[in-house]
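Visitor: I'm new to this, so could you walk me through the terms one by one? I'd like to hear the reasoning behind each label.

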Amino acid sequence: MHCQTTGSWGSYMPVSRTGAVVGDPLERIERLASENAVVIFSISSCCMCHAIKRLFCGMGVNPTVIELDQDPRRREVEKALIRLLGNSPVVPVVFVGGKLVGAVDRVMASHINGTLVPLLKQSGALWL
């Protein structure tokens, strides 16, 4: 089982002439979420992040995983995620089909109540 992991923002981090990374983290989060069926913002040492990644990979979904501990703009991205989530823990944060599902509690609740699989199918992340 292989899940795609993106350690940094890659093409989503425009660079200025001085070499500094520019752009609004919230805009990049939204763009990344809209361009991928499933996006998980994670920290590589977080056990709940690991559990969520295993859940999706175990279902046959190949999420795009953003490991924030490998991102030079981690704090800015975390602040943007906090703005989106409110008082929830910062990671893991899951987007499906461009829409914010939420943190671990909402993802697990969606999985248990049966609404996660139809959402994954609708986004094209799951075929069966």
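Visitor: Where do R75 and E78 lie?

Guide: Both sit in helix α3, three residues apart, which is about one turn of the helix. Helices here are DSSP runs of H or I with at least four residues, strands are runs of E with at least two, and both are numbered from the N terminus. Bear in mind that this is a predicted model, where local features need pLDDT of at least 70, side-chain atom pairs count only at pLDDT 80 or more, and totals for chains, interfaces and linings use all residues. Residues are numbered from 1 along each chain as its sequence is written, and side-chain values use heavy atoms, with hydrogens and water left out.

Visitor: What makes R75 and E78 a salt bridge?

Guide: The rule asks for a side-chain nitrogen of Lys or Arg within 4 Å of a carboxyl oxygen of Asp or Glu. In R75 and E78 the closest N and O atoms are 2.9 Å apart, so the pair fits that rule. Through shared partners, salt bridges join R74, R75 and E78 into one network.

Visitor: How does R74 come into it, and how far is R74 from E78?

Guide: Their side chains meet in a salt bridge too, at 2.8 Å from N to O. R74 and E78 are four residues apart in helix α3, so about one helical turn separates them.

Visitor: Why is R75 called exposed, and what is E78 called?

Guide: Buried means under 20% relative accessible area, exposed means over 50%, and partly exposed is in between (1.4 Å probe, protein chains only). R75 has 55%, so R75 counts as exposed. E78 has 10%, so E78 is buried. R74, at 24%, falls in between and therefore counts as partly exposed.

Visitor: Which salt bridge links distant parts of the chain?

Guide: Try E67 and K53, whose side chains meet at 2.7 Å, N to O. E67 is in strand β3 (residues 64-67) and K53 in helix α2 (residues 47-58), 14 residues apart. E67 has a relative accessible area of 4%, so E67 is buried. K53 has 15%, so K53 is buried as well.

Visitor: How many aromatic pairs turn up in a search of the whole structure?

Guide: Just one. Rings of Phe, Tyr and Trp (its six-membered ring) pair if their centres lie within 6.5 Å; planes under 30 degrees apart count as stacked, over 60 as edge-to-face and the rest as tilted. The rings of F41 and F95 have centres 5.9 Å apart and planes at 75°, so this pair is edge-to-face.
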